[in-house]
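Subject: Handing over a structure, with notes

Dear colleague,

I am passing a structure on to you, and my notes on what was found in it follow below. Please look through the sequence and the model before reading on.

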Amino acid sequence: MADNVAMFPGTPAPSALLPMVSAGELSQRSVPPRMWLMDGWIPIQRATLLTGEGGSGKSLLAQQLATCAALGRPFMGVQVRQANTLYVTCEDDMGELHRRQEAICRSMGVPMEGLGRSLLLLSRCGELDNSLLHFSVEGVMLSPFFQQIEATLKAVTFSFLILDNIAHLFEGNENVRQHVAVFCNALEALCRSVGGLTILFLGHPSKAGAQFSGSTAWENQV
């Protein structure tokens, strides 16, 4: 192969070539099963988008799901894999999170102390620096908040992260496909960087009635 590469002037050195895998090589491997955090709905080590109108209850639903994941209990009759979970909200204060958690645990018949540290809650309500990526003419940069999330996930060993919501976390133009694609890919990269991490992030539908607001990339990337 090295001789063939050398035949083409300007071909990059072998170390710079893309890490391709042949279909023939794949035929020698076992097909990996698709793994789910929530069966049929949320794949493991991927970023999944949940949208809903403001006030429709998606934040409450997400916190209920976070509780079920922390306990390894079914959610709305669907099996959920146990996962140490971090729920990050940019809209609700700790008082609201506390009230919801008490009601969720009471309805499930689980004392809050029974969750231990398998479910941790973070309120960023009132913070001005919640963007995960900074977009500029020079390019895209990971924000200090993104880097802090990544460091925390690695240090505390979480496997499920819920981010609420896009309006606070995404500072790019939601109508520019590249901005949306870069943001979604950054979340996918975070899943792989942490190792086995699954992400659910929340958003709003458009006024026209679409399930997402802005570019179709929101639907195509997740």
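To begin with a single residue, where is the place of Met 76? Met 76 sits in the loop that runs between helix 3 and strand 4, the latter covering residues 85-89. With a relative accessible area of 64%, Met 76 is exposed, since a residue counts as exposed when that value is over 50%. Although Met 76 and Leu 65 are 11 residues apart along the chain, their C-alpha atoms are separated by 9.0 Å.

Please keep in mind throughout that this is a predicted model. As for the chain as a whole, the protein has eight helices and nine strands, and 38% of its 222 residues count as buried. Among the contacts in the protein chain that have a separation of 6 or more, 69% are accounted for by residues 24 or more positions apart.

Helix 3 and helix 4

Helix 3, which spans residues 58-71, packs with helix 4, residues 94-108, at an angle of about 55°, and the axes of the two helices are 10 Å apart. That angle makes helix 3 oblique to helix 4, and the crossing of these two helices is right-handed. On the side of helix 3, the contact is made by Ser 59, Leu 60, Gln 63, Gln 64, Thr 67, Cys 68 and Leu 71, while helix 4 contributes Leu 97, Arg 100, Gln 101, Ile 104 and Met 108. Sorted by class, the contact of helix 3 with helix 4 has six nonpolar residues, five polar ones and one that is charged.

Thr 67, which has its place in helix 3, may be worth a look within this contact. Is Thr 67 buried or exposed? Its relative accessibility is 1%, so Thr 67 counts as buried. The side chain of Thr 67 makes a polar contact with the side chain of Gln 101, at 3.0 Å. Leaving aside residues up to four places away in sequence, Thr 67 touches Gln 101, Ile 104, Met 108, Leu 115 and Leu 119. Thr 67 and Asn 84, which are 17 residues apart in sequence, are 9.6 Å apart in space when taken from C-alpha to C-alpha.

Helix 5 and helix 7

A second helix pair is formed by helix 5, residues 144-156, and helix 7, residues 177-194, which pack at an angle of about 30° with their axes 10 Å apart. Because angles under 35 degrees count as roughly parallel, helix 5 and helix 7 are described as roughly parallel to each other. Helix 5 passes helix 7 in a right-handed crossing. Where the two meet, Phe 146, Ile 149, Glu 150, Leu 153 and Lys 154 belong to helix 5, and Ala 186, Leu 190, Ser 193 and Val 194 belong to helix 7. By class, this contact of helix 5 with helix 7 has six nonpolar residues, one polar residue and two charged residues.

Val 182 also lies in helix 7, and at 27% relative accessibility Val 182 counts as partly exposed. Which residues does Val 182 touch, not counting residues up to four places away in sequence? They are Leu 133, Phe 135 and Val 140. With Leu 133, Val 182 has a separation of 49 residues along the chain, and the C-alpha atoms of the two are separated by 9.0 Å.

Asn 130 in its loop

The last residue in these notes is Asn 130, which is found in the loop between strand 5 (119-123) and strand 6 (133-136). Asn 130 is buried, having a relative accessible area of 4%. The side chain of Asn 130 makes a polar contact with the side chain of Arg 124 at 2.7 Å, and a polar atom of the Asn 130 side chain lies 3.3 Å from the backbone oxygen of Glu 127. When residues up to four places away in sequence are not counted, Asn 130 touches Cys 90, Arg 124, Phe 145, His 168 and Leu 169.

With kind regards

How values were computed. Residues are numbered from 1 along each chain as its sequence is written. This is a predicted model: local features need pLDDT of at least 70, side-chain atom pairs count only at pLDDT 80 or more; totals for chains, interfaces and linings use all residues. Side-chain values use heavy atoms; hydrogens and water are left out. Axes are lines fitted to C-alpha atoms, for helices over the stretch in contact, and angles run from 0 to 180 degrees between N-to-C directions. Helices (H or I, at least four residues) and strands (E, at least two) are DSSP runs, numbered from the N terminus. Angles under 35 degrees count as roughly parallel, over 145 as roughly antiparallel, 65 to 115 as roughly perpendicular and the rest as oblique. A crossing is left-handed if the near helix is turned anticlockwise from the far one by less than a right angle, and right-handed if clockwise. Contact means heavy atoms within 4.5 Å. Ala, Val, Leu, Ile, Met, Phe, Trp, Tyr, Cys and Pro count as nonpolar, Asp, Glu, Lys and Arg as charged, and the others, Gly among them, as polar. Buried means under 20% relative accessible area, exposed over 50%, partly exposed in between (1.4 Å probe, protein chains only). A polar contact is a pair of N or O atoms within 3.5 Å; within protein, one must be able to donate a hydrogen and the other to accept it, and residues adjacent in sequence count only if both atoms are side-chain atoms.
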